[in-house]
Amino acid sequence: DYITGEDRYKTALSYIEHGKYSSAHSLLTDAIYFRPMHAEAYLTRASISMNIYENYRSAVEDLNQVIALQDRPSAEVFMMRGKSLAKLEKYNEAERDFGIALTLDSTLHTAQLDRGEVRLFYLQKYESAIADFTSFLRYTSKGESWANALTFRGFGYYKTGSYAASEADYRQVLQADNANGRVYYLLGRTELEQAQPDSACAHFNEAYRLGYSAALLELRANCR
């Protein structure tokens, strides 16, 4: 049984390399049948469930097995489970797992970004979210994740009434990407709170021109 299970597992890894995920998933299930304590097989199957099938419930079940079987589960395992739990709308549990991941590996900066998102959008822990994004931004200065972290932090500042800080973050994103309709819209909302209606309306117009349709409601409500 051990040899059969290991053979199925190794063949599954080969299939993954060639993009044959359905066959790999089946072989991993066979491997687990023959070797029910095979933590790596559970972990690999969880990765396919998450990233290919978007079956987050199955991913969590497999990751639970990995955590139970391994003496020292890696930070990556807890981050994967946190991501899956967030997709399942189990936000407090997701926040906990991202925290465990960061305790195990403080250099796993994407867990900081993921935890910040959960805290900002679902748990309304705005100050904690801002702290997560600030920590993440110490280690990146460009790219999509950088822009997202700045945008999210700007929104966190907006929610806490720190409008000047919010505006500064949004403007920094727009310096790098002046075709971001969503950020023009968010900047306009922050400017309204600072009694800058002319600038706000100009940015709502720009957001709408770039295809961000929500800006139309602000234009109708606040601009002439």
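Glutamate 95 is buried, with a relative accessible area of 11%, where buried means under 20% relative accessible area, exposed means over 50% and partly exposed lies in between (1.4 Å probe, protein chains only). This glutamate belongs to helix H6, which covers residues 91-104; helices (H or I, at least four residues) and strands (E, at least two) are DSSP runs, numbered from the N terminus. When residues up to four places away in sequence are not counted, glutamate 95 touches Arg115, Val118, Arg119, Leu123 and Lys125, a contact being defined as heavy atoms within 4.5 Å.

The structure is a predicted model, in which local features need pLDDT of at least 70 and side-chain atom pairs count only at pLDDT 80 or more, while totals for chains, interfaces and linings use all residues. Residues are numbered from 1 along each chain as its sequence is written, and side-chain values use heavy atoms, with hydrogens and water left out.

A second buried residue is serine 49, at 2% relative accessibility, and its place is in helix H3. Leaving aside neighbours within four places in sequence, serine 49 is in contact with His25, Glu54, Asn55, Ser58 and Ala59. Among these partners, Glu54 is itself a residue with a backbone feature to note, since phi of glutamate 54 is near 55°, a positive value in a residue other than glycine. Glutamine 124 likewise has phi near 55°, again a positive value in a residue other than glycine. The table sets out these two loop residues.

| Residue | Loop | Relative accessible area |
|---|---|---|
| Glutamate 54 | between helix H3 (39-51) and helix H4 (56-69) | 56%, exposed |
| Glutamine 124 | between helix H7 (109-121) and helix H8 (126-137) | 44%, partly exposed |

Turning to the chain as a whole, the protein chain holds 13 helices and 0 strands. The radius of gyration of the protein chain is 22 Å, well over the 17 Å that the globule rule gives for 224 residues, so the chain is more spread out than a compact globule; the radius is taken over C-alpha atoms, and the rule is 2.2 Å times the number of residues to the power 0.38. Along its principal axes, the C-alpha trace spans about 75 × 35 × 30 Å.

Of the 224 residues of the protein chain, 46% count as buried. Among contacts with a separation of 6 or more, 43% are between residues 24 or more positions apart. The accessible surface of the protein chain comes to about 11900 Å², of which 46% belongs to carbon and sulfur atoms, by the Shrake-Rupley method with a 1.4 Å probe, where for residues only the protein chains shown count as cover.

The structure also holds 1 disulfide, a pair of cysteine sulfur atoms within 2.5 Å. This disulfide joins cysteine 201 to cysteine 223, with an S to S distance of 1.9 Å. The pair links distant parts of the chain, 22 residues apart, with cysteine 201 in helix H12 (residues 197-209) and cysteine 223 in the segment after helix H13 (215-222). The torsion about the S-S bond of cysteine 201 and cysteine 223 is about -95°, so the disulfide is left-handed. Both cysteine 201 and cysteine 223 are buried.
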